[in-house]
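Me: I would like to learn how to read a few structural features, one after another. Please give the general idea, then the case at hand.

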Amino acid sequence: MATTKRGSLLRLAAVALLWGSSFLWIKLALGGFSPGQIVLVRLALGGLCLLVLCAARGLALPRSPRLLAKIAVAAVFANFAPYLLYGIAEQQVDSSLAGVLNASTPLWTMAIALCVRQEKSVGAWRGAGLVLGFAGTLLCLSPWEAGGALGGALLCLAAAACYGIGYVYTKRFLTGSGLDPVAMVAAQLLVATGLSALTIPVTGMPPVTVRADAIIALVILGVLCTGVAYLFNFRLTVEDGSTVASTVTYLLPIVSVLLGMALLAEPFRWNAIAGMAVALAGVAFVRRTSAAAPPLQPPPEPVSAWPGSGREEDTHG
C-alpha cells in the first residue's frame with residue numbers, strides 16, 4: 001500500500017513538474033526563437049515521441065477523413081492556438097503569471113460547456129465557484145496596475161479559453177471513438193504540427209538566434225513537457241484514477257511561480273498569489289459533485305483529452 005501511494009505521488013509530481021515548467025521553457029526558448037517557431041518544433045518533437053510509442057505498441061493512427069477532420073479541429077483549440085498564444089504572451093508577461101492564469105482553464109471549460117448545453121445546470125456550488133474563480137482571475141490580472149503587460153495577460157486568458165473549447169469539443173465529438181488514446185493524441189499532435197508548418201510564414205519567419213539555453217529549453221519543451229508528460233499523465237490517470245490526476249490543476253501554478261522566481265528572478269506579486277488562491281478555490285467549487293450534475297473533469301495544462309481513458313479532460317501549458 002505504501003509503495004503504491006509513493007508511486008502515485010511520484011507520478012503526480014512528475015506530471016506537475018513537466019507541465020508546470022513549460023512556461024519557464026517557453027520564456028527561455030523565446031531568447032532564440034519566435035513564438036511560431038517554438039510551436040512548430042514543440043509539436044513536432046511531442047508528436048514524434050508519441051509516434052515512436054505507437055510504433056512500439058503496434059498502434060495504428062486514425063485514417064478516416066471524417067475522424068481526422070474532427071481531430072484537426074481539436075488540434076487547433078487544444079494545441080496550436082493556445083501554444084502560440086502563450087508564446088506571444090510571454091514576450092510581455094512573466095512565465096509565473098502565465099502559469100497562474102492557465103489555472104483558469106477549468107473555469108472556462110465549465111462556462112463553455114454550459115453555453116453549448118453540454119452541462120445542463122450549474123447548481124449553487126458550481127455557480128459560486130465560477131463567480132469566485134473569475135474574481136480570482138481578475139485579481140491576478142489587476143488591470144488597474146498591469147500597464148503594458150495587460151495585453152499579454154489577456155492572451156494567456158485567451159489561451160486558457162482555447163483549452164476549454166478544445167476539451168468541450170473533444171468530449172462531444174471524439175470521446176468514445178474507440179481509438180486508443182495514445183494513438184488519438186499522437187495523431188492530434190501530428191495534425192497540429194502540419195497546421196503549424198502551414199502558418200509558419202506568418203507566425204515564425206524571423207531568423208533564429210543560436211543560443212544554447214534557448215535550444216535546450218525548446219527540446220525539453222517538446223520532448224518532455226509535450227510528449228513524455230502526456231504519457232506520464234495517461235499512466236497517472238489509468239493507475240491512480242481521475243481524482244488523483246485532476247489534482248495536477250492545483251499544482252501547476254505553484255510550480256510555475258516557484259520556477260519563475262528561482263530561475264528567472266521574476267518578482268513575487270501578492271496580487272497574483274492571492275488571485276491564484278481565490279481562483280483555485282473557485283475551481284474546487286466548480287468540481288464539487290452533486291447527484292444532479294456529474295462532475296466535469298478539467299485538464300491540468302493543456303493539451304488534449306484522453307478519449308476512453310476514464311478521464312474527461314486534461315490541462316497544461
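**Salt bridges, cores and cysteines**

Reply: The structure holds five salt bridges. The model is predicted. As a general idea, side chains of opposite charge can pair when their charged atoms come close.

Me: Which residue forms a salt bridge with Asp94?

Reply: Arg269 does, and the closest N and O atoms of the two are 2.7 Å apart. Asp94 sits in the loop between α4 and α5 (95–102), while Arg269 sits in the loop between α13 (248–264) and α14 (270–286), so the pair ties together parts that are 175 residues apart in sequence.

Me: Is Asp94 buried or exposed? And what is the relative accessible area of Arg269?

Reply: Asp94 counts as buried, because its relative accessibility is 18% and the cut-off for buried is under 20%. Arg269 has a relative accessible area of 39%, so it is partly exposed.

Me: Where do Arg235 and Glu239 lie?

Reply: Both are in helix α11 (residues 212–240), four residues apart, which is about one turn of the helix. Their side chains meet in a salt bridge at 2.8 Å, N to O. Arg235 is partly exposed at 46% relative accessible area, and Glu239 is partly exposed at 45%.

Me: Which residues are linked with Arg235 in a network of salt bridges?

Reply: Arg11 and Glu239 are linked with Arg235 in that network.

Me: Which residue forms a salt bridge with Arg211?

Reply: Asp213 forms that bridge, with the closest N and O atoms 2.7 Å apart. On relative accessibility, Arg211 is partly exposed at 37% and Asp213 is partly exposed at 33%.

Me: Now the interior. How many residues does the largest nonpolar core have?

Reply: A nonpolar core is read as a set of buried residues joined through side-chain atoms within 4.5 Å. The largest nonpolar core here has 73 residues, and those with the most contacts inside it are Tyr86 and Leu101. Helix α4 (residues 65–89) supplies the largest share of this core, 11 residues. Apart from this core lies another, of six residues, including Met110, Leu130, Val283 and Val286.

Me: Which residues does Tyr86 touch, not counting residues up to four places away in sequence?

Reply: With those neighbours left out, Tyr86 touches Phe23, Ile26, Ala98, Asn102, Cys156, Ala159, Ala160 and Tyr163.

Me: What about nonpolar side chains on the surface? Which residues make the nonpolar surface patch of about 310 Å²?

Reply: Leu48, Leu51, Val52 and Leu190 make that patch. Its largest share, three residues, comes from helix α3 (residues 35–57). Leu51 is found in helix α3. With a relative accessible area of 33%, Leu51 is partly exposed; the cut-off for joining a patch is over 30%.

Me: Last, the cysteines. How many disulfides does the structure hold?

Reply: A disulfide is a covalent bond between the sulfur atoms of two cysteines. The structure holds zero disulfides.

Me: Are Cys115 and Cys162 buried or exposed?

Reply: Cys115 counts as exposed, because its relative accessibility is 66%. Cys162 counts as buried, because its relative accessibility is 13%.

Terms used:
Residues numbered from 1 in each chain as written. Predicted model: local features only at pLDDT ≥ 70, side-chain atom pairs only at ≥ 80, totals over all residues. Heavy atoms only, no water. Buried < 20%, exposed > 50% of the residue type's maximum accessible area, 1.4 Å probe, protein only. Helix = DSSP H or I, 4+ residues; strand = E, 2+ residues; numbered from the N terminus. Contact = heavy atoms within 4.5 Å. Patch = residues over 30% accessible without salt bridge, like charges linked within 9 Å, V, L, I, M, F, W, Y side chains within 5 Å. Areas by Shrake-Rupley, 256 points an atom, 1.4 Å probe, with all protein chains shown as cover. Salt bridge = Lys/Arg side-chain N within 4 Å of Asp/Glu carboxyl O. Disulfide = S-S within 2.5 Å.
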